[in-house]
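Hi,

Here's the structure I promised to pass along. Have a look at it first, and then read on for my notes.

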Amino acid sequence: VFTFGISYALASLSCTLPVFLSVVVGSATATNFASGLVTYIAYSVGMSTLLMALTIAVAFAKQGVVRWLRSMLKYVHRVSAAFLVVAGLYIVFFWIDNLASDPGQQRAATGFIDRLSATLTNWIGDNSSAIGLLLGGLVALVVISRVLKRFEPPADHPTAVQ
């Protein structure tokens with residue numbers, strides 16, 4: 001388990017390091033040290049919660065969840081590939097547009113994406129408590145339902161509800 005944890009951490013660096021650097025380091029350099037520390041703690045709690053929820057789900061459901069996740073893997077690869085292509089196209093478009101235009105001037109498409117991103121960021125910031133409670137409640141419901149499911153008698157047991 002320890003070796004798996006180390007290998008998972010190393011393998012996930014390609015996905016998590018850019019997000020970590022942009023969120024935590026960007027916050028620490030844009031504001032003060034205390035704000036950066038709070039952002040780091042929030043990032044750590046969020047990542048830990050996600051990994052713990054997945055670990056608990058796999059531990060309780062064992063083969064059922066693993067089988068379901070494996071069956072979904074072909075779709076995950078396709079959807080993540082599509083997201084990467086769209087993100088790559090936007091980055092290329094953004095930099096071509098940025099380098100070709102006058103400094104300080106922003107074109108309509110880039111401005112639209114910036115406004116959309118700002119709107120979503122503000123909405124998430126304004127509703128972060130509700131979103132956190134909703135996601136935490138969802139994780140709690142899944143864990144509780146899996147725990148209760150383990151205590152149900154088998155279908156052929158005399159006390160089972162038919």
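Below is what turned up, going from the overall fold to the surface and then the pocket.

First off, keep in mind that this is a predicted model. The protein chain has five helices and zero strands, so to speak an α-α-α-α-α run when you read from the N terminus. Of its 162 residues, 7% are buried. As for contacts with a separation of 6 or more, 30% are between residues 24 or more positions apart. The accessible surface of the chain is about 13,100 Å², and carbon and sulfur atoms hold 74% of that.

On that surface there's a nonpolar patch you may want to look up in the viewer. Its members are Phe 2, Ile 6, Leu 10, Leu 13, Leu 17, Leu 21 and Val 25, and together they offer about 660 Å² of accessible area. Take Leu 10 as one of them: this residue sits in helix α1, which covers residues 2-30. Is Leu 10 buried or exposed? Leu 10 counts as exposed because its relative accessibility is 57%, and the cut-off for that label is over 50%.

Then there's the largest pocket, with a volume of about 820 Å³. Its lining has 20 residues, and the ones nearest the centre are Tyr 8, Ser 12, Met 47, Leu 51 and Leu 54. Two or more lining residues come from each of α1 and α2 (33-61). The top contributor is α1, which supplies 10 residues to the lining.

That's it from me. Cheers!

Key
Residues numbered from 1 in each chain as written. Predicted model: local features only at pLDDT ≥ 70, side-chain atom pairs only at ≥ 80, totals over all residues. Heavy atoms only, no water. Patch = residues over 30% accessible without salt bridge, like charges linked within 9 Å, V, L, I, M, F, W, Y side chains within 5 Å. Areas by Shrake-Rupley, 256 points an atom, 1.4 Å probe, with all protein chains shown as cover. Salt bridge = Lys/Arg side-chain N within 4 Å of Asp/Glu carboxyl O. Helix = DSSP H or I, 4+ residues; strand = E, 2+ residues; numbered from the N terminus. Buried < 20%, exposed > 50% of the residue type's maximum accessible area, 1.4 Å probe, protein only. Contact = heavy atoms within 4.5 Å. 1 Å grid on protein atoms, 1.4 Å probe; cavity = no way out; pocket = protein on both sides within 12 Å on 5 of 7 lines; lining within 4 Å. Points joined across faces, edges and corners; volume = space filled by probe spheres on them.
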